[in-house]
Structures are given as C-alpha cells and as structure tokens.
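Thanks, everyone. Let me take you through one model, starting at the surface and working inwards.

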Amino acid sequence: MSPPRLTGALRSFSNVSKREDPTEQLYDLKAKRVKRQELFAREGLTWQKIVHFCSEHQDKAKRQAASQELKSLIQAAKQIVGTEHGQEAIECAAVFLFETFQNKDHVGTEETCAIKQMFGPFPSSAVEASCACVARLVAPLDDSKVEDFIKTQRSRYHHQRGSAFGCNVNFSYDFYTLDPLEDLQGSDLGDERVDVDFVNFLNNQQSGYKSASEDDVPHSLTTLSSGDGSILRREVEKYLEGGNMISSNPEELCTSLFEMLTSHRSDDELQNELFELLGPEGLEMISTLLQSRTAIVDSFLSIPNEKTGYLPDVSRKVSGEMTKPAYGCQVIIQSEKEKQMMKIYRREEKKEKKRAKGSDDGDFSEAVMTFDPKEMRAQREHVLLNARYEPLLTRERVYERIRYPNVYDSYAEATKAPAFVGGARLLLPEGIHRENNKIYEEVEIPYNEPMPVGFEERPVYISELDEVGQLVFKGMKRLNRIQSLVFETAYNTNENLLICAPTGAGKTNIAMLTVLHEIRQHIQPGGIIKKDEFKIVYVAPMKALAAEMTNYFSKRLEPLGIIVKELTGDMQLTKGEILRTQMLVTTPEKWDVVTRKSVGDVALSQIVRLLILDEVHLLHEDRGPVLESLVARTIRQVESTQSMIRILGLSATLPNYLDVAAFLHVNPYIGLFFFDSRFRPVPLGQTFVGIKTTNKIQQIHDMEEVCYNKVLQQIKAGHQVMVFVHARNATVRTAFGLIEMARNRGEICFFQPDQGPDYGQCEKQIQHSRNKQMKEMFPEGFGIHHAGMLRSDRSLMENSFSKGHLKVLICTATLAWGVNLPAHAVIIKGTQIYDAKRGAFVDLGILDVMQIFGRAGRPQFDKYGEGTIITTHDKLSHYLTLLTQQNPIESQFLGSLADNLNAEIALGTVTNVEEAVKWLSYTYLYVRMRANPLVYGINHKAFQLHVVTFYNRKVSHANLLGCVIDRILSPLLLKQNFVHMQCGPVISSSG
C-alpha cells in the first residue's frame, strides 16, 4: 500500500517546500499574469528593437530615410493583416516581414508560401512594397551585422522560453529529524502471510545453519542450536501421544509454546502460564522447555530477518528492545474513524490485562486470541487508504434552498462537478469534455436534455382564449410550453413579473400577454377600447431591436386598432403623435430623457400603465445605471401617486434572479419565473476554445486553424455553419482564408454545394451582382453578410443560405440582431471588437454572444444546436462564467450616481438627504449592497460596526446608503439648498 498523501501539516516539518514568509507581499494572480504577458511580449525580436537597430549609429539624413522606410513597412503590414486586430498585430506582422526579407532582394516562391501560410490570402502589391522597404533598410547596414542581430534576439528568446519548468522554485534546506518510515504490511512482501510460525522458523533455521561453516561456529553451540527445535517438537509429540489436548495438532501447539517462550515474562510467570495451558501432565515438558528457553530465543535472533520472514518491528519486540522516545517534531493525523478504532484497541487491551491478572482459571490463550492486533492493523491501513480520497474539510451545515413554485434551476445541482479553467475555479455541469494541448484549451459543455413535462402542465390553445386574444394570436394554434406556464399570471393578474428564459424561448409573446391584459382592462361594455387612458412602454436594448419589435407588435395589434410607434434617437415623434399612440417602443436612454423632463412630458409618464423591460441582465454592463434609474423613478412614482404601473422584466438566465426580482418588486412566489437551458426550443451545446499564444500574429494564425477545423467538422456532419466576425472587411478575409486552407488540404469538395433544381437560378442572380468577392466565393459554397453590402446582396445571401446553396456564411453581429436566420452551428471567431467611443478594443458583450448563440439550432429540423466561441486563453474563464451563469449580476450604478442624483434633484423628486437615501433604496445598488457591501465601497470596519443592524432595513438606509451619499454629496454643489449642507451630521440625525 502506498503511504498516505502529504498534507500541509506534514510538509511544514520537512524540506519538501519552502516555509511561507508572513511579511512577504502577496502577489495578485491577475497582475502576475499581466506581467508575464508583458515579459513574453518583450522577448525575441520586436518592432521597437528593429526601429532602434535601424536608427542607431546613423547620421540625421540616413535616420530620416530609415524612419520613412519603417513607416512604409508598417503600411504594407497593415494592408496584409488588416486593421481589425489592432496596432500590436500590425507590428508583429512587420517583424515577420523584416525577418523574411532581410536577406532577399525579390519575392520568391518560398517567401510567398510562408506569408500565405501565416496570413492567408494577401495583396501582392503590399508584399512587393514590404520587400523593397526591407531591402532599402538593410542596404546601408552590413549583412553580417543584420544576421548577428536577428540571431542574437532569436537565441535569447529560445533560451528564455526553453528553460526547464520549475527551475526557479525555491526549496528550503532546513532539515528536521524524522523517524524513518518503516515498511507497512504488504508493501514489499506481496501476498505472503506474516506470522510467528514455529514450523516456518524451524525450516528457515535449519536451512540457514546447514549453509554455515562448522569451522567458524563452536561444536557445542551448533549441536545445541540444531537440537533446540527438535527438543521442542519431540516434547510436544510426546505430550500429545499421552492423550492430552486431543483437539490440538502439533503445529498449533508448537506455535503457541514458541510465542510464550519469546515473551517478556519471567520464568516463574511463564511456568504458571505453561502449567495452566498444559496441566499437571506437562510438568516434565515445562521443565525441559524452560531450561532450553534462552538457547531457542538466541538461535532465533541469530537468523537474519529476510530468512525468517519476520518484520523488523517483530524482531525488536522479540529481542526485548523497548521503543525509544523519538526526538524532534512528530505529527499524527487521525480521522474520526481512526480515533474510534484506537479507543476500541485500548479498551480491549485493558480488558486483556485485567483478565490476565485476575483470572485464576480458564484458558488464557483463548482470551488472548479473541483480540487480534494484526487484524486491527489491517483495518487501520484500510481506513488510511480510504482517507486519501476523502476531503480534509467537510461542510458541517447544509442549508436547504427555498423552493419557489415557478423556478426551474438545474444549475443548483450542477455545482457537484468543480473544474479549473484558465486559472479560475468554476463550477461546471456534469458531462463536460476538456482538451488541453500546446495550441489551445477547449471546454465542451454538452446540450441538456429537455425538461420532462409535468403532470400539471397543460398547453394553452388559442381557441380557448377570449375574443381579444384570438384576434391578436390569429394564425397560431397554441402557446408554447413556457408561455403556457406563465399564461395565468400574465393574462389574468396585475402582478409584476420577471421572466428569465433562454434566447429564442418565446419571451416576446409573454410580453404580448401582458399587453393584452392591460388592453382588456380598458374595454367598455360595447367593445370600445378607451385608448386615451393608458400607455404601454416597451424598452428594447438596441435601436435595431426596437424597430423589429415595432413591426411585430404593429402587425399583431392592428386588428384591435392599437397604434405602435418607435421612439428612439432615429425616430422622433411629435406630441400629437405621442398622444395618438398607445404603445411606444423605445431605448433606455431615450425613455430616461423623456421621464427626466419636469414640464412637457409629465402627462405622458403619468398615464403609463405597463412598463416592459427587455434584456434586464444588462444591469451589469455600462447601460445598467440607466435601467436602474428608470425603475427607481417608476416605483417611486407608484408609491407617491398610488397609481398602478405594472413592470415586466424579460431576461436571459442569470444566477441571482432573486436579487433582480427584489429590485423589480416581484413576488418570488407568484411573479418570478426562471427557466434554464432545458426549456430552450432547440437544446444548445456550447464549446469554448482559448488560444494560448500571446504573439498577435501567431494568435490570428491559430484562430484561423481552429476555426477551419470546427467548420470542417460541422460540414462533414452535413450541417450549415455561420461564422461571426467583428469587422466588415474581416468577413471577406476570413472567407478567402478558409477557402485557401480547404484548397491546400484538398478538402474543398466538402464545401461545394449540391446543385439542386433552384441552384442555377440562384447562381444567375449572384452573377448579376456587382459584388466581386461574393461572385468569387459562391461556387465554393461560401458567402458573406454585413451592413456595408447592398440590401439586394444581403437578401440574396440570406435566401441562398436558407435554401442550402451556401454551406458556410461569414457575417457580422448585425445578422444575429436584424434577421432571423438560424443555422445548426454558429462560431464566434475572436472576441475583440473595436469601440469607437473609447477608441480601443473591448471584449465582446455578453448580450451579443447570447444573441449569436440564439441563432444556433433550427426549430423543426435540428435535435440540438451547437455554439462555439474562439477567444484568447486569458478570456476563457470570463466567457465561461458569463455563459454558464456563474457570476452574480452586480450593479454599475455607483459610477454614475452623481449624474442620476442631480437629475432627480432637478426633477424635484429629491429635495433633501433623507429623500436622497430613500430614492437610493429603490435601486439595484441597494439590493446588492445589502448582499455584498464590500464590493461597493463599504469597508470592513464599517460593515463590522453595523453588522448587528445590517439586516434591519430602516437602520441600514442610514448606515449603508448614507456612506455612499456622503461620498457623492459632500464635494458637489448640487442645488442652492445643498450648498451649506454636509452629509455626515444630517445622516446621523436622520438615522
């Protein structure tokens, strides 16, 4: 059996690892990774080193010429690699071109292949220009000097990167004296049975002494030793032949007598025990054994251990060596089971001692043999073996989760399979598949089986609805499963609702149910709708989505005469149009502006009866504070005017849905509906791929490689694929790159479409198009789609893909938002997208990712869909936590608190600090601050000070929110009556 694992307690007294220094500064893991990336970026040949090398030791005129050539080389690299990957990728491409052409005077076949393999298809003019630039750069320099420079940088790079792993680990040389680890039972002996067996001893003794030289041993000792075993056996046989102890055989009796002779008892004590064992008939035998006792024991000890088969600890016990005290540090780790076993062991040992001292009659050997130390040792070893696989720390208390009637959350069970991805601890569902190689790390989450239908679930048929419902849902046979579950609460009550469901689950029709409920409340007995008594506001996250929702609701509500208008930055409405409109579809920013006005549009905001918030999970993004401000203003209006405004929140699946429900004032037992991915119309399997290299050019190359393999895998399975990129020119670049790789590998035949009856007509329409790239790639089964194309070309691509004439469609995210064009598999290639407002590259938002993944899987055609996201390794855990609903949705309201508070003061809803604290208590910031105060600037000292009253809402207003108000109000001159007011004493007096 292998020894148990080392724990921290044992390591601290050995030289296995270095002892920690408590004064040493702890490293932040994220900062350490950033530092390591910067170090790798400086390794090897970089653009800055090339610029310095070409400029040093040059006069002014040559330095200016070199600078001009370097700029030309950068421009050529930009044409080859494109601008969508940032300046760092362009510089890496320029370094690659410099290395390729530094000893060449023209572009040869070898150079062309190398550039094509690295960048894919490229403009030949840019390569020619780069070759000429490099030739002019190295012309004034010595060839050997340039080669030595490149060789030196390469050798440094490979030397640093090729060092052995763990070479910088510090080991402690402070040794501690520990007892040597003795072999445990079964470690070296295999299945041999270790026992104090007299027959085994006699055989080993005789074989050992036969091989010994008689000249080295005295004759008398040899005779004695060789005769001791014979005497014992002869006496035993003589004793048994006399009719004594008929039930025993000679071997057992010899073994028992031999154990007694090797014990630590004196001859007098042993004489009594032998008399009790053998009786009066064995007096002569007892006398003979006691006379030869010393010779038998000495002869046993003179035989080596490997011949006798005894363990070293048995030899020590026989020889009479007492266990010496161990000097130094010793650590004993015992589990609860081991402690119980040791207690039983000591209890039995005490019983045997008492029995040995106090018993005058009875068979003592039977009493001794009732407790077997070897069996106890075997049990102990078995417990130790099991303890290796048990956790050292176990959770004592398990709190039972409150079960809400309309929450279907399988992720509560998914926390049983912990995994480590990208250095962060995550809890992933069961059945995941991971692949980790030199190029990338891949995590594949299989699709979930659909939730089985419950006994109480019953679909709602449109024919069962009233006349209003049948008019609006004309053409539909019944509501889907999620809509049927929500129907009763949405259609027949005024409860606030929070619907968390996957993309494509039919949340829009749930919004329609609430709209119909509101309309039904304003129908007069004659069937006339009082249109001037209510307004319905639908807040969509994007302008494109607002336009789509406007078209959808307009068509559905047209039979009722309800007018639906879009109110965004692009679509302005006059006051007359707003008054004639019953439903407004707007964006959060636009509705915030409308409700901020204190004069003109007050009547509009006061007759709103239903507020529908789409994509509520955007609370944790930059636009979240606007949503918080809207909801806080609406709920304050409800409480102050006692008017009825129903709030409906539509969201993707998120982990802390209870916090969002509390923010929207939703009763979790009635209005909270949470549906996990099992309720998706087409189940979705997700794959996350993290590219490991930090070199930008190599990163692009590896992404192309992985993307091609994923596309080919789907095409071979007979599926269509949509590849999403984040720039318009990247669609063409990616399409031609994939075509080139397919041709080089001889796999282009898999992508070419099946020429059906409609193919010829579609091909004619493509040839009439003025888009040259589209005409080139169509015969190979590839297509492109982005907002820069003509509307006719985009429609042509959409129709060709839906009919199956295109196997692969490379597109931007506008296709996911504007057009409902599903495919079996979608692939997101790269997650860096350029933000014009910030002037930098940012991570792709979770809303875009979920919308794109919502296009995976075609209803009525596919059993499941597949979504793949290819990103860098450092972002792998980020997207895993977002898409598996790991991170709670936190508030971003603190950053824009001053602006929103100023707006409320200008609006007149906040006139003093008490009202400011009251207003802040309606925000999502307050909900999360109660749950996680340390994240929002409430330091540990303040938290500990108010921990007793922390969950008391009235007191926590002053304690928690007052700290935040103090930080915002004190330095600002917000209004005339706030100029002289400092927040601290006011808050203390109000609290």
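**From surface patches to buried contacts**

Start with a nonpolar patch on the surface: Ile402, Tyr669 and Ile670, with about 300 Å² of accessible area together. Keep in mind that this is a predicted model. Isoleucine 402 sits in the loop between helix 19 (373-387) and strand 1 (407-408). Is isoleucine 402 buried or exposed? Its relative accessible area is 54%, so isoleucine 402 counts as exposed.

Now a charged patch. Lys339, Lys343, Arg346, Arg347, Lys350, Lys351, Lys353 and Lys354 gather on the surface, and the patch is positive. Take lysine 339 from that group. Helix 17, residues 336-358, holds lysine 339. Lysine 339 is partly exposed, at 39% relative accessible area. One reminder about helices. An α-helix has 3.6 residues a turn, so residues three or four places apart point the same way.

Let me step back for the overall picture. The protein has 991 residues, and 44% of them are buried. It contains 42 helices and 20 strands. The accessible surface comes to about 53900 Å². Carbon and sulfur atoms account for 52% of that surface. Then the contacts. Take those between residues at least 6 apart in sequence: 73% of them join residues at least 24 apart.

Next, salt bridges. How many are there? The count comes to 25. One of them pairs arginine 481 with glutamate 457, and their closest N and O atoms are 2.8 Å apart. Arginine 481 lies in helix 21 (residues 481-492), and glutamate 457 lies in the loop between strand 5 (440-445) and helix 20 (467-472), so this pair ties together parts that are 24 residues apart in sequence. Both partners are partly exposed: arginine 481 at 24% relative accessibility, glutamate 457 at 22%.

A second pair is glutamate 533 with lysine 530, at 3.3 Å from N to O. Glutamate 533 is partly exposed, with 33% relative accessible area. Lysine 530 is also partly exposed, at 31%.

Now the pair of arginine 928 and glutamate 890. Their closest N and O atoms are 2.9 Å apart, in a salt bridge. This one links distant parts of the chain, 38 residues apart. Arginine 928 is in helix 39 (residues 924-931). Glutamate 890 is in the loop between helix 36 (876-883) and helix 37 (897-907). Are these two charged residues buried or exposed? Arginine 928 is buried, with a relative accessible area of 7%. Glutamate 890 is buried as well, at 16%. Both values fall under the 20% cut-off for buried, which is why the two residues are classed that way.

There is also a network. Asp592, Arg596, Arg633 and Glu904 are joined into one, through salt bridges that share partners.

On to buried positions. Helix 35, residues 846-853, is mostly covered. Of its 8 residues, 7 are buried. Which ones? They are Ile846, Leu847, Val849, Met850, Gln851, Ile852 and Phe853.

Now look at leucine 627, in helix 27 (residues 624-641). Leucine 627 is buried, at 6% relative accessible area. What does leucine 627 touch, leaving out residues up to four places away in sequence? Pro588, Leu613, Glu615, Val616, Leu618, Leu619 and Phe663. There is a longer-range partner to point out by distance too. Threonine 587 is 40 residues away along the chain, and its C-alpha atom is 9.9 Å from that of leucine 627.

One of those contacts, Glu615, deserves a second look. Glutamate 615 has a phi near 55°, a positive value in a residue other than glycine. Where is glutamate 615? In the loop between strand 10 (608-613) and helix 27. Glutamate 615 counts as buried, at 12% relative accessibility.

On the other side of helix 27 in sequence comes glutamine 642, in the loop between that helix and strand 11 (646-651). Its phi is also near 55°, again positive and again in a residue other than glycine. But glutamine 642 is exposed, with a relative accessible area of 69%. So helix 27 is flanked by two loops that each hold a positive phi: glutamate 615 is buried, and glutamine 642 is exposed.

That's the tour. Questions, please.

Terms used
Residues are numbered from 1 along each chain as its sequence is written. This is a predicted model: local features need pLDDT of at least 70, side-chain atom pairs count only at pLDDT 80 or more; totals for chains, interfaces and linings use all residues. Side-chain values use heavy atoms; hydrogens and water are left out. Patches are made of residues with over 30% relative accessible area and no salt bridge: like charges are joined within 9 Å, nonpolar side chains (Val, Leu, Ile, Met, Phe, Trp, Tyr) within 5 Å. Accessible areas come from the Shrake-Rupley method with a 1.4 Å probe; for residues, only the protein chains shown count as cover. A salt bridge is a side-chain nitrogen of Lys or Arg within 4 Å of a carboxyl oxygen of Asp or Glu. Lys and Arg count as positive and Asp and Glu as negative; His and the chain ends are not counted. The place of a charge is taken as NZ of Lys, CZ of Arg, CG of Asp or CD of Glu. Helices (H or I, at least four residues) and strands (E, at least two) are DSSP runs, numbered from the N terminus. Buried means under 20% relative accessible area, exposed over 50%, partly exposed in between (1.4 Å probe, protein chains only). Contact means heavy atoms within 4.5 Å.
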